[in-house]
2 protein chains.
Amino acid sequence: MEIIVAKNSGLCYGVRRALDIASETRQKKAGKVFTLGDLIHNPQVIADLERQKIHSINDLDGLNKATVIIRSHGASPDIYRLLTQKNIEIVDATCPIVKKIQKLVEVLAKDKEEIIIVGDKEHPEIKGLIGFSQGKGIIVENEDQVKSLPNRKRRAILAQSTQDLYLFEKIVSALIEKTKELNVYNTICRSTQTRQKSTSELASCVDILFIAGGKNSSNTNKLYQISKRILPNTHFIESAAQIKPEMLKGAKKIGISGGASTPPRAIQEAVAKIKASFKHQFHREKTVQCQR
Amino acid sequence: MEIIVAKNSGLCYGVRRALDIASETRQKKAGKVFTLGDLIHNPQVIADLERQKIHSINDLDGLNKATVIIRSHGASPDIYRLLTQKNIEIVDATCPIVKKIQKLVEVLAKDKEEIIIVGDKEHPEIKGLIGFSQGKGIIVENEDQVKSLPNRKRRAILAQSTQDLYLFEKIVSALIEKTKELNVYNTICRSTQTRQKSTSELASCVDILFIAGGKNSSNTNKLYQISKRILPNTHFIESAAQIKPEMLKGAKKIGISGGASTPPRAIQEAVAKIKASFKHQFHREKTVQCQR
């Protein structure tokens, strides 16, 4: 029996950077330090931050004399304006890749009729991006929503940085029929693309696959959907405790992958839990060159 | 038993226009009138043109004192130059939609690094289009060929006017992964898109479907492939004589469609042949609102 951890699984550069910025800010500042929304969609890491007295807030009402960290997902220009009006110090931990997408939306809004933003409308990155579109952004979450869009001579389309590439391609395909000139910006970050690719490859060569991460993590959910399409025997786990020995029965190759907000610890705990369920020899590799 | 002719099947505007231009030219000119290549990919219509003394030529060597008609597919700028050098009168019957695509390629070639042209490399329209690209055009015929293309920051993609929309979408999808900014020009003409859609709808609601047209007609071949994907019981026929009673055995709904170069006569003959094979009551409709 083998346990294979997907290459490119776990914390991405943007999330690691935001966590580092948060810790540095806490060390430098004596006053209150908040993150606007959870810095990372992972309950264990959020508990760690709480212990460091970095609290997550969702509401800016009544806030004063504090430092507010903008998380890696970024925020809309309204939020920056509001914080500035309130004289609150901003520490911007927006992922540099997301920052680039915000700038792209800002530039496109100047001369395009319509900007299609493929993503989850409740996701903070999307809420931020739409704020840069000057009312020209339309959020599309799935292929079905394309049906209600009108024909246009020209429009632009881009994606949330952690979007499922397959879904993005499907939505682009559906829009081609409705658009004479469609400018497609593949803004899905390289890290997301390689993570999705590694998870797809792993899903096609194992008997069972665990996707570790927070249920509220958009990109981890996407990994789950991608794997599930290939391997129905895919399980989303928020903690290693959810791995039950009966799930592993008969499995010869067991895969584990995690999203951009899944800390290494979560993966390690899942590996340990699987090992504890067996008394055989293990072989663990980091690459995904396995073949059925 | 029903015979259902696909809505939007048969001769398109560009081909009808080219045929009209050819007849008018013949009436006006006393001298030799040639078409550069077959005016239409249909053997019966070519025979008609021959009878009118409008001959098809493929080679310009030794040609002088004649009128040459550029067919609806268009031609490359080299051809126009060569004809002008030879003092040969040109009558340009290039389909206005193809003309627009040629202009687009010309404009794109000025500032784009690379222009992907989706089409059949041996098709006259593609041979014409590539001539306008100043060496920046790359012909892509299928998804597989995308694999050998490098990653690029920016490229444009467009299609032969009679391209299979599904294939175009597939190639665009494959290119998204390799291109940061992909400018997609849906140059598949409306007539092709509606014809393909009607044929798809018809294929999904009949028991057998005949695609009538010349084997050398690119767009008719595409209709055949589109139908075959949905209904394996699809047959390409060049003439009604190819419809055999044994093919029709057990069929309750029989469909017929034809490409942009399929004359109405070919469709009518196919209908007559099917009717002759049966002694039952017929119901023929022009719409494709049938349901299984």
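Into which domains is chain A divided? Chain A splits into domain 1 (2–10 + 192–285), domain 2 (13–95) and domain 3 (97–188). The bounds come from an automatic or database domain assignment. This is a predicted model: local features need pLDDT of at least 70, side-chain atom pairs count only at pLDDT 80 or more, and totals for chains, interfaces and linings use all residues. Residues are numbered from 1 along each chain as its sequence is written, and chains are lettered from A and ligands numbered from 1 in the order in which they are written.

**View 1. Domain 2 of chain A meets domain 3 of chain A.**
Taken over C-alpha atoms, the centres of domain 2 of chain A and domain 3 of chain A lie 27 Å apart. Domain 2 of chain A puts 11 residues into the contact, and domain 3 of chain A puts in 12 residues. Contact here means that the C-beta atoms of two residues, placed from the backbone, lie within 7 Å. On the side of domain 2 of chain A that touches domain 3 of chain A, three residues are nonpolar, seven polar and one charged. Ala, Val, Leu, Ile, Met, Phe, Trp, Tyr, Cys and Pro count as nonpolar, Asp, Glu, Lys and Arg as charged, and the others, Gly among them, as polar.

**View 2. Chain A and chain B are related by a two-fold axis.**
Chain A superposes on chain B by a rotation of 180° with 0.0 Å of shift along its axis (RMSD 0.0 Å). That is the relation of a two-fold axis. The superposition is by least squares on the C-alpha atoms of residues with pLDDT of at least 70 in both copies. Which residue of chain A comes closest to the rotation axis? Asn183(A) does, with its C-alpha at 2.2 Å. In β9(B), Asn183(A) has Asn183(B) as its bridge partner.

**View 3. The interface between chain A and chain B.**
Chain A gives 15 residues to the contact and chain B gives 14 residues. On the side of chain A that touches chain B, α6 and β9 of chain A are the elements that give two or more residues. The largest share, seven residues, comes from β9(A). This side of chain A holds seven nonpolar, four polar and four charged residues. The copies meet through the same surface, because 93% of the interface residues of chain A are also interface residues in chain B.

**View 4. An open sheet of eight strands spans both chains.**
The order is β7(A)-β6(A)-β8(A)-β9(A)-β9(B)-β8(B)-β6(B)-β7(B), and the pairing is mixed. Helices (H or I, at least four residues) and strands (E, at least two) are DSSP runs, numbered from the N terminus. Two strands pair if DSSP finds at least two bridges between them. β7 (137–140) of chain A and β7 (137–140) of chain B stand at the edges, each with a single partner strand, so one side of each is left without a neighbour in the sheet. Direction ignored, neighbouring strands are turned by 25° against each other on average. Axes are lines fitted to C-alpha atoms, for helices over the stretch in contact, and angles run from 0 to 180 degrees between N-to-C directions.

**View 5. Pairings within the eight-strand sheet.**
Strand β9 (residues 179–185) of chain A pairs with strand β9 (residues 179–185) of chain B in the antiparallel sense, over five bridges. There, Tyr185(A) has Glu181(B) as its bridge partner. Strand β8 (residues 152–159) of chain B runs parallel to β9(B), joined by five bridges. Arg155(B) is bridged to Leu182(B) in β9(B). From β8(B), the chain crosses through helix α6 (residues 165–176) of chain B to β9(B), in a right-handed β-α-β crossover. A crossover is right-handed if, with the strands pointing away from the viewer, the path from the first strand over the helix to the second runs clockwise. Strand β6 (residues 115–118) of chain B and β7(B) run parallel, with four bridges. Val118(B) stands opposite Val140(B) in β7(B).

**View 6. A parallel sheet of four strands in chain B.**
This open sheet has the order β3-β2-β4-β5. β3 (54–57) and β5 (89–92) of chain B are the edge strands, each pairing on one side only. The twist averages 30° from one strand to the next. Four bridges join strand β4 (residues 66–70) of chain B to β5(B). Val68(B) has Ile90(B) as its bridge partner in β5(B).
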